[in-house]
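Reader: I'd like to go through some of the labels used for this one. Can you show it to me and back each label up?

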Amino acid sequence: MNSSPLALTVLGMLTYEPSHPYGIQRRIKQWGKDMVVNVGQRASLYRTIDRLLGEGLIAVRETGRDQLYPERTVYEITEAGRTIAREWLMEMLAVPKQEFPQFPAALSHVMLLAPEEAIGVLERREQAVSRELAELESGLAEVGDVPRIAMVESEYLRAVTRAEAEWLRALIEDLRLGRLRWSREELEAAAGSG
């Protein structure tokens with residue numbers, strides 16, 4: 001089975017205590033892991049649990065039925081799951097992986113816009129990133145009794161988000177002051193000389 005952030009997170013949550021899928025999803029959100037792992041679609045969580053179960057990385061501990069709730073299957077991590085979770089974790093922490101997020105891809109084609117258009121869309125992004133930074137700051141201030149080690153990914157996101165906001169402000173300033181300009185003619189000439 002290939003590693004994935006969601007699979008690692010499920011294994012990580014089950015390391016602390018056995019749980020049913022809803023409990024895993026709830027703990028992911030309580031601990032702020034939903035900032036780094038997409039658990040908005042419960043179906044992806046169930047597919048991941050099925051894959052982990054099929055690989056023997058988790059096991060069914062019990063299946064119970066409460067009058068108030070539908071049947072709930074409680075899962076626990078296996079020794080193989082603990083081993084693979086550690087391997088995935090060490091690999092993900094130690095080795096940068098080439099990821100292909102949308103924003104850098106879009107930046108690589110910003111010259112398709114006129115500089116004035118680029119200013120407008122980049123200002124919108126800077127405002128959105130600044131709002132996200134404020135939310136991260138607020139969330140970190142309100143963590144309560146969650147141990148800091150359980151929140152280091154939020155600290156990382158805050159640092160990266162702060163750096164992006166600062167970089168965007170500098171880029172917008174360069175565009176406004178004319179330190180970064182381009183024209184279709186310049187780009188066509190550069191493409192023709194390649």
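Reader: Which residues is serine 154 in contact with, leaving aside its neighbours within four places in sequence?
Author: Leu136 and Leu140, where contact means heavy atoms within 4.5 Å. This is a predicted model, where local features need pLDDT of at least 70, side-chain atom pairs count only at pLDDT 80 or more, and totals for chains, interfaces and linings use all residues. Residues are numbered from 1 along each chain as its sequence is written, and side-chain values use heavy atoms, with hydrogens and water left out.

Reader: Why is serine 154 called buried?
Author: Its relative accessible area is 4%, and buried means under 20% (exposed is over 50%, partly exposed in between, with a 1.4 Å probe and protein chains only). So serine 154 counts as buried.

Reader: What makes helix 1 roughly perpendicular to helix 2?
Author: Helix 1 (residues 5-16) and helix 2 pack at about 95°, axes 10 Å apart. Roughly perpendicular covers 65 to 115 degrees (under 35 is roughly parallel, over 145 roughly antiparallel, the rest oblique), so helix 1 earns that label against helix 2. Thr9, Val10, Met13 and Leu14 of helix 1 meet Ile24, Arg27 and Ile28 of helix 2.

Reader: And how do helix 2 and helix 3 cross?
Author: The axes of helix 2 (residues 21-30) and helix 3 (residues 42-54) come within 11 Å and cross at roughly 115°. On the helix 2 side the contact involves Pro21, Tyr22, Ile24 and Gln25; on the helix 3 side, Arg42, Leu45, Tyr46 and Ile49.

Terms used:
Axes fitted to C-alpha atoms, helices over the stretch in contact; angles between N-to-C directions. Helix = DSSP H or I, 4+ residues; strand = E, 2+ residues; numbered from the N terminus.
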